[in-house]
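Visitor: Please take me on a close look at one spot in this model, and then show me what else there is to see along the chain. I am new to this, so explain the terms as we go.

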Amino acid sequence: RVCFHSVLSMIFSDDTRKKEGGNCTYCPIEDDDQGNKSFYFRLRRYNFDDNETVKKFIPGVVHVGTTIGDLMSLRHGLSAEEVSRNLDAVGLNSIRLKKPSLAQSIFDELGKLFY
């Protein structure tokens, strides 16, 4: 099947089409209290931009400035509005990890070749 697909792709190739390959990963989409959609992929939050011209998920970004003066202006902290905007853009400052079971932890520790 893969060989057949490769032969047909070579015969009917379109150079303007994006190349296939890589991995396909499905991420669950979350809705917040305001109805905004987002998902996390490789420790990064992607938010749905509902703008008429965009209509796609874009990575969340927090702009902290480009000069030392911009950074110095943040030394007294953020306002409640800035905190809310940053939280909506990138989410909580935490990493979601799956906690292993006790049996898995013991197996991982004792199952190594060189203990």
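Guide: Let's start with proline 59, which is partly exposed because its relative accessible area is 35%. On this scale, buried means under 20% relative accessible area, exposed means over 50%, and partly exposed is what lies in between (1.4 Å probe, protein chains only). Before we go further, note that this is a predicted model, where local features need pLDDT of at least 70, side-chain atom pairs count only at pLDDT 80 or more, and totals for chains, interfaces and linings use all residues. Residues are numbered from 1 along each chain as its sequence is written, and side-chain values use heavy atoms, with hydrogens and water left out.

Proline 59 belongs to strand S4, which covers residues 56–59. (Helices are DSSP runs of H or I with at least four residues, strands are runs of E with at least two, and both are numbered from the N terminus.) In sequence, 31 residues separate proline 59 from valine 90, yet their C-alpha atoms are 8.1 Å apart in space. Valine 90 is the last residue in the range of helix H3 (80–90).

Now follow the chain past S4. Valine 64 sits in the loop that leads from S4 to helix H2 (68–72). With 45% relative accessibility, valine 64 also counts as partly exposed. The C-alpha of valine 64 is 8.3 Å from that of leucine 74, with the two residues ten apart in sequence.

Stepping back, the protein chain has four helices and four strands. Reading from the N terminus, their order is α-β-β-β-β-α-α-α. Of the 115 residues in the chain, 7% count as buried.

One of the loops deserves a visit of its own: the stretch between strand S2 (37–41) and strand S3 (44–49). Arginine 42 is found there, and so is leucine 43. Arginine 42 has a phi near 50 degrees, a positive value in a residue that is not glycine. Leucine 43, likewise not a glycine, has a positive phi of about 65 degrees. Which label fits these two, buried or exposed? Arginine 42 counts as exposed because its relative accessibility is 67%, and leucine 43 counts as exposed at 69%.

Leucine 43 has partners on the surface, too. Together with Ile95 and Leu97, Leu43 forms a nonpolar patch with about 400 Å² of accessible area in total. (Patch members have over 30% relative accessible area and no salt bridge; like charges are joined within 9 Å, and nonpolar side chains, meaning Val, Leu, Ile, Met, Phe, Trp and Tyr, within 5 Å. The areas come from the Shrake-Rupley method with a 1.4 Å probe, and for residues only the protein chains shown count as cover.) Isoleucine 95 lies in the loop from helix H3 to helix H4 (102–110), and with 56% relative accessibility isoleucine 95 counts as exposed.

Next come the charged side chains. Side chains of opposite charge can pair when their charged atoms come close. How many salt bridges does a search of the whole structure find? The search gives three, each needing a side-chain nitrogen of Lys or Arg within 4 Å of a carboxyl oxygen of Asp or Glu.

In one, aspartate 31 meets lysine 37, with 3.3 Å from N to O; lysine 37 is partly exposed at 38%. In another, lysine 55 pairs with aspartate 50, their closest N and O atoms being 3.1 Å apart, and lysine 55 is partly exposed at 42%. Glutamate 81 and arginine 85 also meet, at 3.7 Å from N to O. These two are four residues apart in helix H3, so about one helical turn separates them. Glutamate 81 is exposed at 58%, whereas arginine 85 is partly exposed at 46%.

Finally, look at the rings. The structure holds three aromatic pairs. Phenylalanine 39 and tyrosine 46 have ring centres 5.2 Å apart and planes at 10 degrees, so this pair is stacked. (Rings of Phe, Tyr and Trp, with its six-membered ring, pair if their centres lie within 6.5 Å; planes under 30 degrees apart are stacked, over 60 edge-to-face, and the rest tilted.) Phenylalanine 39 is buried, its relative accessible area being 15%. Ring pairs join Phe39, Tyr46, Phe48 and Phe57 into a cluster.
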